[in-house]
There are 2 protein chains.
Amino acid sequence: MENPSEKTPARWESLPSWLLTQTANHAHRLVAEGFSSVGARGYHYRLLATLEQFGPASQAALGRRSGIHVSDMVATINELADRKLVERAPDPSDRRRNIISLTPAGKRQLRRLEKQLAECQDELLAPLSPEERQRLTELLSRLLDHHNRRTGTPEEPWR
Amino acid sequence: MENPSEKTPARWESLPSWLLTQTANHAHRLVAEGFSSVGARGYHYRLLATLEQFGPASQAALGRRSGIHVSDMVATINELADRKLVERAPDPSDRRRNIISLTPAGKRQLRRLEKQLAECQDELLAPLSPEERQRLTELLSRLLDHHNRRTGTPEEPWR
DNA sequence: ACCAAACGTTGGTCGTCCGAACATTTGGGC
DNA sequence: GCCCAAATGTTCGGACGACCAACGTTTGGT
């Protein structure tokens, strides 16, 4: 959206789907800028955060928990492993698996990303009062829940 | 997000930026499905709607009005012109320009897309009451306005 | 022992957004 | 009238998130 100008509002501009995707664009841009200032992108944060929250795990399990597709997981882990933010070790008890774990440097990076993320939330919601922010997140949560339910959420098999 | 499972909620899942981008993903998916069932995608609708609303115009002007990048405009028009939904004619008064106009078939396609779009809005907002839908769109509009203002909106030069 | 299932990996697709570069044409200032 | 800055259309390419198909290896249950 390089140049939305020519003032006259287009007639789709009041559609909820438009409002959502466009504000999401702004949100994504803000977050991406914050992350890239530390040399990262969304998948990096999600993976690091998942690792810290649930501990070391196989790539497949990490994919399920973080919502990152297995095939993207490979590239993401490669990128993080190159920067020594994450470690990939073979699972001795199952030779199909790699066990991914967070390094101290990875933890530090995660702290940086979280700081960026927090700042972005504020910039994103700047024009809203605390009560309005609350109502917005509540409404969005309901929407997200609803659609996540209908878009299959298989369940963790075991372990 | 093929498989968000493993129930335990990740800690970023309550962040406004996450809620926004994810619900926007669902919205986008719904709309894209609706559009693709008629063989179109977002840019097609935006271009057709812009043409109907503002009348025939040059590609650059259409880009400004629809928020589609000039370089994407080329491909979009190509695709629509191939299907005879749009016509590309040289501007006799300015040989740099093409004048793009909507064909009757294009108008019919636009009607189809609008129908799809309307259905999507309802599916998207299904879990919300009319009042809640109202409040959501109001909050999102405020956010979008705010960020659009800060992200340059140059103005239409003339004509 | 067999087979279905899980795992990691490779190599794509798609849509939206965006930038750089280029040739052509134009209009305004001088 | 001339010149230059600006607008126009076009091509190419990249980032990012989301996704899919296929393959070889390894596994666990039967």
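Two rings of Phe, Tyr or Trp (for Trp, the six-membered ring) make an aromatic pair if their centres lie within 6.5 Å. Keep that rule in mind as you look at this predicted model. Going by it, there are 6 aromatic pairs over all chains.

Let's start with one of them. A:W12 and B:Y45 pair up with 6.1 Å from centre to centre and 65° between the planes, which makes the pair edge-to-face. Where do these two partners sit? A:W12 is in the segment before helix 1 of chain A, while B:Y45 is in helix 2 (residues 42-54) of chain B, so the pair joins two chains. Now for how hidden they are: a residue is called buried when its relative accessible area is under 20%. A:W12 has just 1% relative accessibility, so A:W12 is buried. B:Y45, at 7%, counts as buried too.

Another pair to find is B:W12 with B:W18, again edge-to-face, with 5.7 Å between centres and 65° between planes. B:W12 is buried because its relative accessible area is 2%, and B:W18 is also buried, at 12%. Back at the ring of A:W12, you can trace a group: A:W12, A:W18, B:F35 and B:Y45 form one aromatic cluster.

Now move on to how helices pack. Two packed helices are described by the angle between their axes and the distance between the axes. Take helix 1 (residues 16-36) of chain A and helix 6 (residues 130-150) of chain B: their axes come within 9 Å and cross at roughly 45°. That is why these two helices, helix 1 of chain A and helix 6 of chain B, are called oblique to each other. The crossing of helix 1 of chain A with helix 6 of chain B is left-handed. Which residues meet here? On the helix 1 side of chain A you'll find A:P16, A:W18, A:L19, A:L20, A:Q22, A:T23, A:H26 and A:L30, and they meet B:T137, B:L140, B:S141, B:L143, B:L144, B:H147 and B:N148 in helix 6 of chain B. Sorted by class, the residues of this contact are 8 nonpolar, 7 polar and no charged.

Helix 1 of chain A also has a partner in its own chain, namely helix 5 (residues 104-124) of chain A, with the axes 9 Å apart at an angle of about 150°. Angles over 145 degrees count as roughly antiparallel, so that is the label for helix 1 and helix 5 of chain A. This time the crossing is right-handed. Helix 1 of chain A contributes A:A27, A:L30, A:V31, A:G34 and A:F35 to the contact, and helix 5 of chain A contributes A:L113, A:Q116, A:L117, A:C120, A:E123 and A:L124. By class, that contact holds 8 nonpolar, 2 polar and 1 charged residues.

Next, hop over to chain B and look at B:T23, which sits in helix 1 (residues 16-36) of chain B. Is B:T23 buried or exposed? With 2% relative accessibility, B:T23 is buried. Leaving aside residues up to four places away in sequence, B:T23 touches A:L20, A:L140, A:L143 and A:L144.

For a contrast in setting, try B:D122, in helix 5 (residues 104-124) of chain B. B:D122 has a relative accessible area of 49%, so B:D122 counts as partly exposed. Along the chain, B:D122 and B:R133 are 11 residues apart, and their C-alpha atoms are separated by 10.0 Å.

Definitions and conventions: Residues are numbered from 1 along each chain as its sequence is written. Chains are lettered from A and ligands numbered from 1 in the order in which they are written. This is a predicted model: local features need pLDDT of at least 70, side-chain atom pairs count only at pLDDT 80 or more; totals for chains, interfaces and linings use all residues. Side-chain values use heavy atoms; hydrogens and water are left out. Helices (H or I, at least four residues) and strands (E, at least two) are DSSP runs, numbered from the N terminus. Buried means under 20% relative accessible area, exposed over 50%, partly exposed in between (1.4 Å probe, protein chains only). Contact means heavy atoms within 4.5 Å. Axes are lines fitted to C-alpha atoms, for helices over the stretch in contact, and angles run from 0 to 180 degrees between N-to-C directions. Angles under 35 degrees count as roughly parallel, over 145 as roughly antiparallel, 65 to 115 as roughly perpendicular and the rest as oblique. A crossing is left-handed if the near helix is turned anticlockwise from the far one by less than a right angle, and right-handed if clockwise. Ala, Val, Leu, Ile, Met, Phe, Trp, Tyr, Cys and Pro count as nonpolar, Asp, Glu, Lys and Arg as charged, and the others, Gly among them, as polar. Rings of Phe, Tyr and Trp (its six-membered ring) pair if their centres lie within 6.5 Å; planes under 30 degrees apart count as stacked, over 60 as edge-to-face and the rest as tilted.
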